[in-house]
Amino acid sequence: MLAVVIPYYKISFFEDTLKSLKEQTNKRFKVYVGNDASSENPEALLTKYASELDIVYQKFENNLGGVHLVKQWERCIEMVKDEKWIMLLGDDDFIENNLVESFYNKYSFFSNKSNLIRFASSVFNETEEDSNQQIVKHPEWETAQNSLCRKITGQTRSSLSEYIFLKDIFLKKRFTNYPLAFYSDDKAWLDFSDSKPIYTINETTVNIRISNISISGRTDNLDLKIEAEQNFYSDLYCKQLDEFGKTCRLHIMRKFEIAILKKKKLNTQQWCKLYVNYIKNYDKKQFYKFNKRLVKSIVYRKRVMH
């Protein structure tokens, strides 16, 4: 019923991932490992755990993660056979030993009511000496829109590994291919929810590892991160704004504006559309701040033209 899919590339922490699966108190899951043409061969480790885990392994001939990470995720998911639910687990992340058991124990609570199951999470930051390992929990039931709003306003965090989703809804919606897959998971939870709430299991934890070898921990890909940010907020603002409440719409509008300004100036059409949306979602304080920014932009353009 449950497939744990691991898009593999780095071996540094991979044994921690496998060990956390081996130690599960409930073994009703199959592990699918898709090797993204890595130079770091994981087969010895997979052999070590083969007697205790049901593992399907495939090495792909071409590397996708370096250019289109989402496509690597998707071809790994295509390995899944009959399992109904999918967990896409990072090759450096690890889970508490009661996670699978908790999933099945709670199954009757969320079956047919949710497409997305979420777990509490903790971040292990290998780049910091004093890594904050605070466990982040969530409301038991929450709309994907409210969850995203909490994240973009800094009230919570989210990552790919801490979700389990229905295979059927994945086949229907797929991932959005942003550069380096930044924000692709956030967009997926909006799409995969498909008007159903997210169900959270807070009694167990997914541990997210950040290191210098992980994409999220690297600092040499800033341009691609900015491009992904622009694409993500453009999609929210231009295509999905009406799905959110007024307060969150205002946050998305501001995030869109900030993202665009990281690389270029907003054009006249973008300013005009923002003006209309600020009127539609009128808030005295936010409308005043927006008008100050708009006036500054107009003054700047006049100076440049002269």
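1. Two strands count as paired if DSSP finds at least two bridges between them. In this predicted model, strand β4 (residues 85-88) and strand β8 meet that condition, pairing in the antiparallel sense over three bridges. Within this pairing, Met87 has Ile164 of β8 as its bridge partner.

2. Strand β8 has a second antiparallel neighbour. Strand β6 (residues 116-125) is joined to β8 by three bridges. Ile164 appears here too, as the bridge partner of Ile117. Strand β8 itself covers residues 163-166, and both of its faces are covered. Tyr163 and Phe165 are buried on one side, while Ile164 and Leu166 are buried on the other.

3. Strand β1 deserves a similar look. Seven of its seven residues are buried. Leu2, Val4, Ile6 and Tyr8 point one way from the strand, whereas Ala3, Val5 and Pro7 point the other way. Strand β1 pairs with β4 in the parallel sense over four bridges, and Leu2 stands opposite Trp85 of β4. Strand β1 also pairs with β2, again in the parallel sense, over six bridges. There, Tyr8 has Asn35 of β2 as its bridge partner.

4. Which residues touch the most other members of the largest nonpolar core? They are Phe103, Phe165 and Phe175, in a core of 86 residues. The contacts of Phe103, leaving aside neighbours within four places in sequence, are Leu2, Trp85, Phe110, Ile117, Phe119, Ile164 and Ile201. Several of these names have come up above: Leu2 and Trp85 stand opposite each other in the β1 and β4 pairing, and Ile117 and Ile164 are bridge partners.

5. Helix α3 (residues 69-77) is mostly covered, with eight of its nine residues buried. Those buried residues are Leu69, Val70, Gln72, Trp73, Glu74, Arg75, Cys76 and Ile77. A student should note that the list includes Glu74 and Arg75 as well as Leu69 and Val70. The buried residues of α3 pack against strands β1, β2, β4 and β8 and helices α7 and α8. Glu74 is also part of a network of salt bridges with Glu78 and Arg174.

6. Side chains of opposite charge can pair when their charged atoms come close. A search of the whole structure finds 20 salt bridges. One of them joins Glu40 and Lys10, with the closest N and O atoms 4.0 Å apart. This pair links distant parts of the chain, 30 residues apart. Glu40 is in the loop between β2 (30-35) and α2 (43-49), and Lys10 is in the loop between β1 (2-8) and α1 (14-22). Glu40 is partly exposed at 24% relative accessibility. Lys10 is partly exposed as well, at 28%.

7. Asp194 and Lys172 form another salt bridge, at 3.1 Å from N to O. Asp194 lies in the loop between α8 and β9 (198-210) and Lys172 in helix α7 (residues 167-173), so the salt bridge ties together parts that are 22 residues apart in sequence. Asp194 is partly exposed, with a relative accessible area of 27%, and Lys172 is exposed, at 53%.

8. The salt bridge between Lys239 and Asp235 has its closest N and O atoms 3.3 Å apart. Both residues lie in helix α9 (residues 222-239), four residues apart, which is about one turn of the helix. Are the two partners buried or exposed? Lys239 counts as exposed because its relative accessibility is 66%, over the 50% cut-off. Asp235 counts as buried because its relative accessible area is 14%, under the 20% cut-off.

9. Asp191 is another buried acidic residue, with a relative accessible area of 16%. Asp191 lies in helix α8 (residues 184-193). Not counting residues up to four places away in sequence, Asp191 touches Lys173, Thr176 and Gln240.

10. The last point concerns the surface. Tyr275, Val276 and Ile279 make a nonpolar surface patch of about 240 Å². Ile279 is in helix α11 (residues 268-280). Ile279 counts as partly exposed because its relative accessibility is 44%, which falls between the 20% and 50% cut-offs.

Key. Residues numbered from 1 in each chain as written. Predicted model: local features only at pLDDT ≥ 70, side-chain atom pairs only at ≥ 80, totals over all residues. Heavy atoms only, no water. Helix = DSSP H or I, 4+ residues; strand = E, 2+ residues; numbered from the N terminus. Buried < 20%, exposed > 50% of the residue type's maximum accessible area, 1.4 Å probe, protein only. Contact = heavy atoms within 4.5 Å. Core = buried A, V, L, I, M, F, W, Y, C linked by side-chain atoms within 4.5 Å. Salt bridge = Lys/Arg side-chain N within 4 Å of Asp/Glu carboxyl O. Patch = residues over 30% accessible without salt bridge, like charges linked within 9 Å, V, L, I, M, F, W, Y side chains within 5 Å. Areas by Shrake-Rupley, 256 points an atom, 1.4 Å probe, with all protein chains shown as cover.
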